[in-house]
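User: I have a model open on my screen and would like to understand the words people use for it. Could you take me through the reasoning behind them?

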Amino acid sequence: MSEEKRSAPKERPAQRSAPNDPKPPTQRSAPNGPKAPTLKTARRYLGLKGVAVTEMEALLERAYATMLEAAAPKHSLVRCPVRAEGAAEPEGHILHFGDLPPVESADLCRLFEDCREGYALVGTLGMGVDMAIRRLTVTDPALAAAVAACGSAYIDVYIDEVVQAEARTLPPGLHFTPRFSPGYGDAPLTMQGPLLGLLGGGRLGVRLTEASMMLPEKTVTALWGITAIPARACRSHCDTCTKIDCAFREEA
């Protein structure tokens, strides 16, 4: 098993470590590039999808600036061997992913059905964003809600950039599947603890509550596979999601 970390705002050549020789987690300053996609997603999170509400634009601009100032985005990324048992069967779906305990999940087995390797990732914006939201909840609840929406959108955009940079290192003919997070579909939240252990989440300041929820709140874990089948390659998350009635679904 090898672990890969990325550092600094500018893209650098990939650094690979020996198995079981983890490097410090990656931390980089929050770039300004993802502003447009972050605000687009934040609007959806606030229920503004497809609605022109110009009076909200100034609030969202303030919220984005507040979030960006408080954010300290960082991540840990691990590439592991993977084996999906019973992916095409009606039952007996067991995923074997690196050193994680076996995971019972039909959704994850379908995701990794044709994969021999996959990636796990944890990304977080740090406690600064959580603290800013808590302060604003008392003094400016509307801005607090907008900052929370921007933070939720930004961590996804940040992770998308990490995944896209990693995808560029793949040999021709290989592709990434969509990414999938514990708590979605039948992927159990109980795998968060072992997953954070595999990724060294504690070094990023990430911890779990008794309900298996992650702190800081703007933290995301994800799994995805490496496939040679173009039809299984990743498109947008909404394109590959089966929940077509989701209130946050992004239109094609």
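Analyst: Happy to help; we will go term by term and set each value against its cut-off. One thing to keep in mind is that this is a predicted model.

User: Thanks! What makes up the secondary structure of the chain?

Analyst: The chain comes to seven helices and eleven strands.

User: How do you know how confident the predictor is in the chain and its elements?

Analyst: The score to read is pLDDT, the predictor's confidence in each residue on a scale from 0 to 100. The chain averages 83, and 77% of the residues score at least 70. Among the elements, helix α4 (residues 127-139) has the highest mean, 98, while strand β2 (residues 15-16) has the lowest, 36. Over residues 1-24 the pLDDT is below 50, although this stretch has 59 contacts in the model beyond near neighbours in sequence.

User: Why is α2 called oblique to α4?

Analyst: Two packed helices are described by the angle between their axes and the distance between the axes. Here helix α2 (residues 55-70) packs against α4 at an angle of about 135°, and the axes are 8 Å apart. Angles over 145 degrees count as roughly antiparallel and 65 to 115 as roughly perpendicular. An angle of about 135° falls in neither range, so α2 is oblique to α4. Their crossing is right-handed.

User: Which residues meet where α2 and α4 pack, and what kinds are they?

Analyst: From α2 come T66, M67 and A70, and they meet G128, V129, A132 and L136 of α4. Sorted by type, the residues of this contact are five nonpolar, two polar and no charged. Gly counts as polar in this sorting.

User: Why is S212 called buried?

Analyst: Buried means under 20% relative accessible area. S212 has 18%, so S212 is buried. Across the chain, buried residues make up 45% of the 252 residues.

User: What else can you tell me about S212, and where is it?

Analyst: S212 sits in the loop between β9 (207-208) and β10. Its phi is near 65°, a positive value in a residue other than glycine.

User: Which peptide bond is cis, and where does its proline lie?

Analyst: Look at the bond from L215 to P216, which is cis with omega near -5°. P216 lies in the loop between β10 (214-215) and β11 (219-227).

User: Last one: how many of the contacts link residues 24 or more positions apart?

Analyst: Such pairs account for 71% of the contacts in the chain with a separation of 6 or more.

Definitions and conventions. Residues are numbered from 1 along each chain as its sequence is written. This is a predicted model: local features need pLDDT of at least 70, side-chain atom pairs count only at pLDDT 80 or more; totals for chains, interfaces and linings use all residues. Side-chain values use heavy atoms; hydrogens and water are left out. Helices (H or I, at least four residues) and strands (E, at least two) are DSSP runs, numbered from the N terminus. Contact means heavy atoms within 4.5 Å. Axes are lines fitted to C-alpha atoms, for helices over the stretch in contact, and angles run from 0 to 180 degrees between N-to-C directions. Angles under 35 degrees count as roughly parallel, over 145 as roughly antiparallel, 65 to 115 as roughly perpendicular and the rest as oblique. A crossing is left-handed if the near helix is turned anticlockwise from the far one by less than a right angle, and right-handed if clockwise. Buried means under 20% relative accessible area, exposed over 50%, partly exposed in between (1.4 Å probe, protein chains only).
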